[in-house]
Structure formats: structure tokens, C-alpha cells
Amino acid sequence: QVQLVESGGGLVQPGGSLRLSCAASGNIFPINDMGWYRQAPGKQRELVAYITSVGSTNLADSVKGRFAISRDNAKHTVYLQMNSLKPEDTAVYYCSMKGYFSSGATSDYWGRGTQVTVSS
């Protein structure tokens with residue numbers, strides 16, 4: 001099993017910054033992609049940012065130019081740097097990991113989420 005624990009959420013004013021962290025532990029797959037998703041009240045969960053095991057990244061259009069995703073493979077940790085935050089960024093942010101078996105099959109894991117609230 002893989003455990004994912006997010007941290008770094010909180011209350012921030014519009015225009016402010018936060019850095020989320022997600023630490024993975026347990027039986028971590030040698031090859032894994034990691035991502036950040038968010039879910040606002042009454043809305044579906046959506047992809048925010050994604051980073052592959054070799055460092056390729058993908059960001060949602062709504063956060064391009066403001067957010068950045070990175071990972072430290074030695075620490076099994078993925079980060080989400082969020083700048084120029086807007087009220088519409090308010091949501092619970094979830095960390096995810098997609099682990100790859102040698103057969104090509106995959107297994108998905110999720111953290112419990114961390115609340116980000118952008119408000120004055």
C-alpha cells in the first residue's frame with residue numbers, strides 16, 4: 001500500500017501564495033506519476049497539475065502561469081507552488097499517485113486532501 005499525506009493548505013488573501021507538499025510512504029512504485037487535483041463545493045474534482053516520473057509536467061489552463069508542480073524523488077514528495085491565488089482557487093486539494101507495475105498495469109492512490117481558502 002501507498003500512503004499520501006498532504007500539507008501546506010490554509011487561508012490566504014487574494015494575490016497571495018501557498019506551497020502544498022505531499023509525502024508518499026509505504027510500498028512506493030519505482031515508476032510513478034503524481035498529481036494534484038482539487039474539488040470545490042458543489043463541483044467535480046478536477047486536475048490541477050501532473051508530473052510524470054521523469055519530470056514532464058502538465059497544468060490546467062486555469063492555473064498556467066500561476067502554479068508550478070515539482071517533485072523530489074529522493075524524498076518521495078511532490079510540491080505545488082501556488083502564486084497569485086484567486087478566490088476561485090478555493091477548494092480541497094488532493095494529492096494522487098499512479099504507480100506502474102512491470103506488466104503495464106497501474107494502481108491509483110489518493111491523499112485525504114488539504115483545504116485551501118482564498119479570501120480577504
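Okay, let's start with Cys95, which is buried, with a relative accessible area of 0%. Before I go on, keep in mind that this is a predicted model.

So what is Cys95 joined to? Its disulfide partner is Cys22, and the S to S distance is 2.1 Å. A search through the whole structure turns up one disulfide, and this pair links distant parts of the chain: Cys22 sits in strand 3, residues 18-26, while Cys95 sits in strand 9, residues 91-100, which puts the two 73 residues apart. For those of you who like torsions, the angle about the S-S bond is -80 degrees, and the link between Cys22 and Cys95 is left-handed. Is Cys22 buried or exposed? Buried, at 0% relative accessibility.

While we're at Cys22, have a look at Ser21. Ser21 is in strand 3 as well, and with a relative accessible area of 17% it counts as buried, because the cut-off is under 20%. Who does Ser21 touch, once you leave aside its neighbours within four places in sequence? The contacts are Val5, Glu6, Ser7, Trp36, Thr77, Val78 and Tyr79.

Tyr79 comes back in another role. The charged end of Arg19 sits over the Tyr79 ring, 4.0 Å from its centre. There's also Arg45, which lies over the face of Tyr94, with 3.8 Å to the ring centre.

Now back to strand 9, the one that holds Cys95. How many of its 10 residues are buried? Seven of them, so the strand is mostly covered.

Let me go through the partners of strand 9. With strand 4 it pairs in the antiparallel sense, over eight bridges. One position to click on there is Gly35, whose bridge partner in strand 9 is Ser96. With strand 11, residues 114-118, strand 9 pairs over three bridges, antiparallel again. Here you can pick out Ala91, which has Val116 in strand 11 as its bridge partner.

Then there's strand 10. Strand 9 and strand 10 pair in the antiparallel sense over five bridges, and the two form a hairpin with five residues between them. In the turn, Gly104 has a positive phi of about 100 degrees. Across this hairpin, Met97 stands opposite Tyr109 in strand 10.

Tyr109 takes us to the aromatics. How many aromatic pairs does a search of the whole structure find? Three. In one of them, the ring centres of Phe29 and Phe101 are 4.9 Å apart and the planes are at 90 degrees, so that's an edge-to-face pair. Where do these two rings come from? Phe29 is in the loop between strand 3 and strand 4 (32-39), and Phe101 is in the loop between strand 9 and strand 10 (106-110), so the pair ties together parts that are 72 residues apart in sequence. As for accessibility, Phe29 is buried at 11% relative accessible area, whereas Phe101 is partly exposed at 42%.

Phe29 has another ring partner, Tyr109. Their centres are 6.2 Å apart and their planes are at 45 degrees, so this pair is tilted. Since Phe29 is in the loop between strand 3 and strand 4 and Tyr109 is in strand 10, the pair ties together parts that are 80 residues apart in sequence. Tyr109 is buried too, at 14% relative accessibility. Put these rings together, and Phe29, Phe101 and Tyr109 form one aromatic cluster.

One more stop, and that's Thr52. You'll find Thr52 in the loop between strand 5 (46-51) and strand 6 (57-59). Buried or exposed, then, for Thr52? Buried, with a relative accessible area of 19%. That's a call to treat with the threshold in mind, because buried means under 20%. Not counting residues up to four places away in sequence, Thr52 touches Asn32, Asp33 and Arg71.

To recap: the disulfide joins Cys22 to Cys95, strand 9 pairs with strand 4, strand 11 and strand 10, and Phe29 belongs to an aromatic cluster with Phe101 and Tyr109. That's my tour.

Notes: Residues numbered from 1 in each chain as written. Predicted model: local features only at pLDDT ≥ 70, side-chain atom pairs only at ≥ 80, totals over all residues. Heavy atoms only, no water. Disulfide = S-S within 2.5 Å. Helix = DSSP H or I, 4+ residues; strand = E, 2+ residues; numbered from the N terminus. Buried < 20%, exposed > 50% of the residue type's maximum accessible area, 1.4 Å probe, protein only. Contact = heavy atoms within 4.5 Å. Phe/Tyr/Trp six-rings, centres within 6.5 Å; stacked < 30°, edge-to-face > 60°. Lys NZ or Arg CZ within 6 Å of the ring centre and 35° of its normal. Pairing = 2+ DSSP bridges.
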